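User: Hi! I'm new to reading protein structures. Could you walk me through some features, one at a time?

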Amino acid sequence: MPQTWLVTGCSSGFGELFVRQLCELGDNVIATGRNAKTKLAHLKSTGAMIVDLDVSSPASEIEAKISEVWDLYPGGIDVVVNNAGYILSGAIEELVPQELEDIMRTNFHGPMNITRSLLPRLRAKGSGTLLYISSQAGWHADPGASGYCASKFALEGAVECLSHELAIFAPGIKVLIVEPGYFRTRAFGNINHVPPRVADYAAFNAAVRDVEAGIVGNEPGDATKGVSIMINLVKGTGVAEGKEIPLRVPLGTDGWSRIKAKCENMIKICDDWEQVAKSTDIVQQ
Ligand SMILES: NC(=O)c1ccc[n+]([C@@H]2O[C@H](COP(=O)([O-])OP(=O)(O)OC[C@H]3O[C@@H](n4cnc5c(N)ncnc54)[C@H](OP(=O)(O)O)[C@@H]3O)[C@@H](O)[C@H]2O)c1
């Protein structure tokens, strides 16, 4: 039985690869993106339905769009890939509120609004998968990356809550967060940089831009392999065959290493500070 997938941010990178791989597998694909007519024209030959969707649109517009596409295929949508997103680079002192609000609207509120529009429909049919493309930056923070990290940390927190809520209200709906390290897509070549605002940060910004430029073309992750594994995780095929799939799956050696190191460090902090942490409890009489 073919599944019906809705994928956001399909003009390039992971999103485009999802469309191509899923169409090859014979699934139904609703490929969405901004200015879809032009930016997704290269995907027409895949057979996917091409739909305009800017995930930063107001919730009412997202609801209207979901309602419009839900019945494109019999049985409604089975899997949603919350993929659209971008990187913002800039130190907190140089960021202005609008820049933080913009990245939250795309990387966090977009997936949340899509989720809220789909949930009543998915709950009614009792099944479905909500996949969120987070990042190693949903765990690990680098200087200059606060906007991006904040959006992905927020996404991970909300989706973890969602997974517990659905275990109560709709256990047939699966929730999955994937945390890629650096993968070779357009992402690092397409970073949004804050304009220079604080002179003291000029040298820092130059160093950050050097690091970013050094990543472009040297990302260790193969996006084609990454997408193929994400599809396996949703379908329970290939590497996922017969396995219980956890809420979070890291992908790529670099991201995996950073997440593991952070977890080990946190366990050490919990051990080292155990007595202090427990010393604040109210002593029961
Ligand atoms: N590549 C990596 O190393 C990496 C690592 C961890 C996580 N990720 C995550 O993976 C996801 C996909 O990124 P990618 O690596 O495939 O980069 P990409 O090639 O730059 O793709 C990003 C996609 O998101 C779309 N997008 C951005 N803002 C949007 C909006 N408001 N509404 C709809 N679409 C929007 C872009 O469309 P436009 O053409 O219209 O801009 C593009 O199609 C992102 O969430 C990113 O944070 C990537």
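User: Let's begin with salt bridges. How many salt bridges does a search of the whole structure find?

Analyst: Happy to help! This is a predicted model, and searching the whole structure turns up 14 salt bridges. One to look at joins the side chains of E99 and R197, with N to O at 2.8 Å.

User: Which parts does that pair tie together?

Analyst: Find each partner along the chain. E99 is in helix α4 (residues 97-125), while R197 is in the loop between β8 (192-193) and α6 (202-215), so the pair links parts that lie 98 residues apart in sequence.

User: Now the ligand. Where does the ligand sit?

Analyst: The largest pocket holds the ligand. Two elements, α1 (13-24) and α5 (146-169), each give two or more residues to the shell around the ligand.

User: Which residues come nearest, and what classes make up the shell?

Analyst: There are 29 residues around the ligand, and S11, N83, Y148, F183 and T185 come nearest. Sorted by class, the shell has 12 nonpolar, 12 polar and 5 charged residues.

User: What polar atoms lie by the oxygen atoms of the ligand?

Analyst: Check whether each protein atom belongs to the backbone or a side chain. A polar backbone atom of F183 is 2.7 Å from an oxygen atom of the ligand, and a polar backbone atom of G85 is 3.3 Å from a ligand oxygen. From R186, a polar side-chain atom lies 3.4 Å from an oxygen atom of the ligand.

User: How much of the ligand does the protein bury?

Analyst: Taken alone, the ligand exposes 880 Å², and the protein buries 97% of that.

Conventions:
Residues numbered from 1 in each chain as written. Predicted model: local features only at pLDDT ≥ 70, side-chain atom pairs only at ≥ 80, totals over all residues. Heavy atoms only, no water. Near = heavy atom within 4 Å. Polar contact = N/O pair within 3.5 Å; in protein donor to acceptor, adjacent residues only side chain to side chain. Areas by Shrake-Rupley, 256 points an atom, 1.4 Å probe, with all protein chains shown as cover. 1 Å grid on protein atoms, 1.4 Å probe; cavity = no way out; pocket = protein on both sides within 12 Å on 5 of 7 lines; lining within 4 Å. Sits in = over half its atoms within 2 Å of the grid points. Helix = DSSP H or I, 4+ residues; strand = E, 2+ residues; numbered from the N terminus. Nonpolar A, V, L, I, M, F, W, Y, C, P; charged D, E, K, R; others polar. Salt bridge = Lys/Arg side-chain N within 4 Å of Asp/Glu carboxyl O.
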